[in-house]
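Reader: I've just opened this one and I'm not sure how to read it. Could you walk me through it?

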Amino acid sequence: MKKTSLLTALFTASLVLSGCEGPKTLQEVDLMHHRFVLTKANGQDISLDDQAEIIFGENMTITGKMCNHFSGKVTLDNGSIKGSGIVMTKMLCNDDQLNQLDYVIEKLITDGTKIELKNNQLTLKNDTNTLVYQLKDLM
């Protein structure tokens, strides 16, 4: 009887422990070759007609646009991305919100930002800004 109780307890404990996994660490492969469209900036909805986007390419190169187009290379380290040498066109835009977001995305990437991917939603966040993107691959 004691053996049966012990085996039952061990079996139950193994089932409980096997179902408990920690959060998955974001890796480059989770981002590369994906396109994300901006849906929220600091809590405000962004019109999908604006097509503000970020695309992660091979070797963590990024391209995208807010009002202006930007590109560069980022590194992913411990849940953060950071890049130097981000290049961006510098045209003044009619849309004040997107015009301001040009500066936000450039600062986030240059200074470094926390990055999270959950349920096809990508979030870039620092102490003052939060950008939320939705996965919208072209193919």
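**Reading the fold and its loops**

Author: Let's start in a loop: Asn78 lies between β5 (69-77) and β6 (80-88). Keep in mind that this is a predicted model.

Reader: What is phi of Asn78 near?

Author: Phi is near 55° for Asn78, so a positive value turns up in a residue that isn't glycine.

Reader: And is Asn78 buried or exposed?

Author: To call a residue exposed, we want over 50% relative accessible area. Asn78 has 68%, so it counts as exposed.

Reader: Which other loop residue should I look at, and where is it found?

Author: Try His33, in the loop between α2 (28-31) and β1 (34-41). His33 isn't a glycine either, yet its phi is positive, at about 70°. With a relative accessible area of 53%, His33 is exposed.

Reader: Now zoom out. How many helices and strands are there in the protein?

Author: You'll find three helices and nine strands. Walking along the sequence, the pattern goes α-α-β-β-β-β-β-β-α-β-β-β.

Reader: How much of the protein counts as buried?

Author: Here the cut-off is under 20% relative accessible area. By that rule, 35% of the 139 residues are buried.

Reader: What about the accessible surface of the protein?

Author: It comes to about 9100 Å², and carbon and sulfur atoms account for 55% of that.

Reader: And which share of contacts joins residues at least 24 apart?

Author: Take the contacts between residues at least 6 apart in sequence: 48% of them link residues at least 24 apart.

How values were computed
Residues numbered from 1 in each chain as written. Predicted model: local features only at pLDDT ≥ 70, side-chain atom pairs only at ≥ 80, totals over all residues. Heavy atoms only, no water. Helix = DSSP H or I, 4+ residues; strand = E, 2+ residues; numbered from the N terminus. Buried < 20%, exposed > 50% of the residue type's maximum accessible area, 1.4 Å probe, protein only. Contact = heavy atoms within 4.5 Å. Areas by Shrake-Rupley, 256 points an atom, 1.4 Å probe, with all protein chains shown as cover.
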